[in-house]
Amino acid sequence: MTDEEDRLRAAAQMLATIHDALRRDLAAARRDPRVHCLAFCAALGAHHRNEDAVFPRVEVAFPEAAPLLRRLRAEHERIARQIEQQPDAATLERMAVELEEHFALEERELVPLISRLR
């Protein structure tokens with residue numbers, strides 16, 4: 001295995017680790033939105049911007065992933081709009097359900113692609 005392959009596999013594992021941390025942060029934000037929501041939303045936004053930066057490389061390597069990447073980009077944009085509106089507790093609850101589905105999709109379909117990048 002090359003250093004590049006090792007790095008990319010580590011990046012794929014890191015994505016799952018980051019999602020776990022975001023899940024914990026989201027749980028804290030749901031318990032006390034006034035204290036935790038701003039930090040969670042900032043971390044989530046940064047995470048999605050980092051993912052978006054990797055998508056072009058995934059598209060080149062795996063053209064068949066274009067529908068998945070379009071969906072993920074659209075979800076990132078929708079979530080960013082929700083965050084810009086400064087979510088209340090009810091919106092945060094809806095976002096939590098959406099984010100769990102979003103993270104699961106990325107872990108199931110995006111992580112294997114990232115780990116196979118050359």
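Mentor: Let's begin with the buried side of helix H1, which is made up of Glu5, Leu8, Ala12, Leu15, His19, Leu22, Leu26, Ala28 and Ala29. Keep in mind that this is a predicted model.

Trainee: Thanks! How should I read the spacing in a list like that?

Mentor: Start with the general idea: an α-helix has 3.6 residues a turn, so residues three or four places apart point the same way. In this case, Leu8, Ala12, Leu15, His19, Leu22 and Leu26 are among the buried residues of H1.

Trainee: What covers the buried residues of H1?

Mentor: The cover includes helix H2 (33-61) and H4.

Trainee: And how do I check the length of H1 against what is expected?

Mentor: Compare the end-to-end distance with the rise per residue. H1 covers residues 3-31, 29 residues in total, and its first and last C-alpha atoms are 42 Å apart, close to the 42 Å expected at 1.5 Å a residue.

Trainee: Could we zoom in on one residue of H1? Is Leu22 buried or exposed?

Mentor: Relative accessibility is the number to look at, and the cut-off for buried is under 20%. Leu22 has 3%, so it counts as buried. This residue lies in helix H1.

Trainee: Which residues does Leu22 touch, beyond its neighbours within four places in sequence?

Mentor: Its contacts are Phe40, Ala43, Leu44, His47 and Phe103. There is also a long-range pair to note: Leu22 and Glu100 are 78 residues apart along the chain, yet their C-alpha atoms are separated by 9.9 Å.

Trainee: Now for pairs of helices. At what angle do H1 and H4 pack?

Mentor: Their angle is about 175 degrees, and the axes lie 9 Å apart. An angle over 145 degrees counts as roughly antiparallel, and H1 and H4 are therefore roughly antiparallel to each other. By class, the residues of this contact are 16 nonpolar, two polar and seven charged.

Trainee: How does the pairing of H2 with H4 read?

Mentor: Here the packing angle is about 30 degrees, with 13 Å between the axes. That makes H2 roughly parallel to H4. The crossing of these two helices is left-handed.

Trainee: Which residues make that contact?

Mentor: From H2 come Pro33, Cys37, Phe40, Leu44, His47, His48, Glu51, Val54, Phe55 and Val58, and from H4 come Leu92, Leu99, His102, Phe103, Glu106, Leu110, Leu113 and Ile114. The contact of H2 with H4 has 13 nonpolar, three polar and two charged residues.

Trainee: H2 must have other residues worth a look. How accessible is Arg57?

Mentor: Arg57 sits in helix H2. With a relative accessible area of 34%, Arg57 is partly exposed. Apart from neighbours within four places in sequence, Arg57 is in contact with Glu4, Arg7, Leu8, Leu117 and Arg118.

Trainee: How far is Arg57 from Ala29 in space?

Mentor: The C-alpha atoms are 33 Å apart, for a separation of 28 residues in sequence.

Trainee: Let's turn to H3. How does its span compare with what its residue count suggests?

Mentor: The 19 residues of H3 should span 27 Å at 1.5 Å a residue, and the end C-alpha atoms are indeed 27 Å apart. Its buried residues are Ala66, Leu68, Leu69, Leu72, Glu75, His76, Ile79, Gln82 and Ile83, and their cover includes H2 and H4. After H3 comes Gln86, with a positive phi near 50 degrees.

Trainee: How does H3 pack on H4?

Mentor: H3 (residues 66-84) and H4 (residues 89-116) meet at about 150 degrees, with 11 Å between their axes. That makes H3 roughly antiparallel to H4. This crossing is left-handed. The residues in the contact of H3 with H4 divide into ten nonpolar, three polar and six charged.

Trainee: Gln82 was in the buried list of H3. What does Gln82 touch?

Mentor: Gln82 has a relative accessible area of 16%, so it is buried. Not counting residues up to four places away in sequence, Gln82 touches Pro87, Met95 and Glu98. For Gln82 and Met95, 13 residues apart along the chain, the C-alpha separation is 8.1 Å.

How values were computed. Residues are numbered from 1 along each chain as its sequence is written. This is a predicted model: local features need pLDDT of at least 70, side-chain atom pairs count only at pLDDT 80 or more; totals for chains, interfaces and linings use all residues. Side-chain values use heavy atoms; hydrogens and water are left out. Axes are lines fitted to C-alpha atoms, for helices over the stretch in contact, and angles run from 0 to 180 degrees between N-to-C directions. Helices (H or I, at least four residues) and strands (E, at least two) are DSSP runs, numbered from the N terminus. Angles under 35 degrees count as roughly parallel, over 145 as roughly antiparallel, 65 to 115 as roughly perpendicular and the rest as oblique. A crossing is left-handed if the near helix is turned anticlockwise from the far one by less than a right angle, and right-handed if clockwise. Ala, Val, Leu, Ile, Met, Phe, Trp, Tyr, Cys and Pro count as nonpolar, Asp, Glu, Lys and Arg as charged, and the others, Gly among them, as polar. The expected span of a helix is 1.5 Å times one less than its number of residues. Buried means under 20% relative accessible area, exposed over 50%, partly exposed in between (1.4 Å probe, protein chains only). Contact means heavy atoms within 4.5 Å.
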